[in-house]
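Biologist: I am new to this model. Please walk me through one part of it, the enclosed space.

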There are 2 protein chains.
Amino acid sequence: MDLWFTEKQLPTVGLSCRVVRTLEVRQTAYQHLAVLETEPWGRMLVLDGMIQLTVADEFVYHEMLAHVPLVAHGQARRVLVVGGGDGGTVREVLRHPEVEEVVLAEIDPEVVEVCQRHFPETAACLDDPRVRLAIGDGIAHVAEHPDTYDVILVDSTEPVGKAVGLFGESFYASCRQALRPGGLMVAQTESPFYNPQLIARCHVAMRQAFGNARLYLAPVPTYPSGLWSFMAASLGPDPSVPAGEAGGTPSGLRYYSREVHRAAFVLPPFVHALLQGEREPAVTGEGLG
Amino acid sequence: MDLWFTEKQLPTVGLSCRVVRTLEVRQTAYQHLAVLETEPWGRMLVLDGMIQLTVADEFVYHEMLAHVPLVAHGQARRVLVVGGGDGGTVREVLRHPEVEEVVLAEIDPEVVEVCQRHFPETAACLDDPRVRLAIGDGIAHVAEHPDTYDVILVDSTEPVGKAVGLFGESFYASCRQALRPGGLMVAQTESPFYNPQLIARCHVAMRQAFGNARLYLAPVPTYPSGLWSFMAASLGPDPSVPAGEAGGTPSGLRYYSREVHRAAFVLPPFVHALLQGEREPAVTGEGLG
């Protein structure tokens, strides 16, 4: 059987890949969930039709979401991951010996359960004694934990359904309250090519909540357009500057390095322009947001 | 009619987009050529089924191919573009007032003719008095012009058919002979995610020809994987360092800046590894090369 999966990245753009077999296809209480064994990229997690991770390229996204704020902070002890039930972000956080506790606030327990069976590369770390699962609404969790975390990582799905609230000023303000002095937050904020309006809005919202917001970029082939953005805000350290000594930085990584960290914050002029709301509409039919 | 175009980026991966209408579809003496009006990306040039440019994102590729070596050189007077019959690279070269002549060595006159009708954004510049069209084999042109150019830009199609010879040591050695003292060459070298073996081979070949070779990266959404590579070799200036003063650098660009120039040479560890032949095969079924 010649089986293909297609994600409609925009109404007029599709990314397709060959599927060896379907390992899970189900409706959870929150979303449609599928695990596919694909030929180009290995196993793939799909939520509501959108690729969340593939074994081939998840390292870029997870390393850049976790290590940029953790290395900029330099001594984070308590870390919160909002979303990210696949465990990939937690795995990267655990590479930092200074981290004493990682809380994973994932709303959908079936994502965690399915990933523990099908994605040991990312989810095996959830058994680590430093990890605490907090199954439930991440927005409520943040609101209920003032002055608790050194770093908050928003590893969300696209801004549809339950995840919409993770892309707004009230959530960012709540994150600010949940951070301890000198803390940082980072949120994934979609593609500069396909979601410029969303990024511009998040930038305004995060600046209103924190007084600062910095965007950085990394390539993720299976995400729409292949270029992904992350937005960082801080109560102290400059997110673009690796703290401490090189020796204290996790080694053996495949995308992150201290040099990549700094370079990821160097934005091309068209991205500077979209942050200032000066976008010319290059791609017709902006996607989500 | 619901018309879609799909490029098989790998045997197991397709990128598709909605087509408003087909403007040209023909077989030339060298390749299959199509011009499509697409909904997401505007007009698109397709050669042998592979996207060469779209109006929406060609700026990244053309700016990074041209300005990195031209700014690193700082005083290039004669520039050769091999391939690139769409004119996009020539357009960027012409932004440098120090350039006195740009020779475009394009093998397929129909590419030039079609682009002059359908892509004024890139091809209108070919009427500039500083541009000289040299329709014919770029490999022969380089071999016949020793000690002639300050910068050579290899704006080739994928390494299939006539373009295979543009990806090997004998062509690079010929380019070295065609450069004047202090000259640089840059070639497009495909995707680090999908073509690691090709990049590793080109790196060895360019180092053998020049004694040096430096890779740099930029995101191009409509190219396979969304991340593209360029390889630079030099008879003098460090390709990663912008020469001269910021005031002498072309302004009004959308991707290139002097800061982006430096940052593009900061390679993630997995790319360093593939340049050393230490690639772990992440994506199954490497494409071309």
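Biologist: What pLDDT does chain A average, and what share of its residues score at least 70?

Modeller: Chain A averages a pLDDT (the predictor's confidence in each residue, from 0 to 100) of 95, and 96% of its residues score at least 70. The model is predicted: local features need pLDDT of at least 70, side-chain atom pairs count only at pLDDT 80 or more, and totals for chains, interfaces and linings use all residues. Residues are numbered from 1 along each chain as its sequence is written, chains are lettered from A and ligands numbered from 1 in the order written, and side-chain values use heavy atoms, leaving out hydrogens and water. The scores are ipTM 0.95 and pTM 0.96.

Now the space inside. The structure holds three cavities of 30 Å³ or more. A cavity is a set of points, on a 1 Å grid over the protein atoms alone, where a 1.4 Å probe fits but cannot get out; lining residues have an atom within 4 Å of a point. Volume is the space filled by probe spheres set on points joined across faces, edges and corners.

The largest cavity holds about 330 Å³. It has 20 lining residues, and A:Y255, A:A263, B:L217, B:Y255 and B:A263 are closest to its centre. In both chain A and chain B, β11 (214–219) and α8 (258–264) each supply at least two lining residues. Helices (H or I, at least four residues) and strands (E, at least two) are DSSP runs, numbered from the N terminus. The lining counts 20 nonpolar, no polar and no charged residues. Nonpolar covers Ala, Val, Leu, Ile, Met, Phe, Trp, Tyr, Cys and Pro; charged covers Asp, Glu, Lys and Arg; the others, Gly among them, are polar.

The second largest cavity holds about 100 Å³. Of its 15 lining residues, A:L15, A:P221, B:L15, B:P221 and B:S225 lie nearest the centre. This lining has nine nonpolar, six polar and no charged residues.

Definitions and conventions
1 Å grid on protein atoms, 1.4 Å probe; cavity = no way out; pocket = protein on both sides within 12 Å on 5 of 7 lines; lining within 4 Å.
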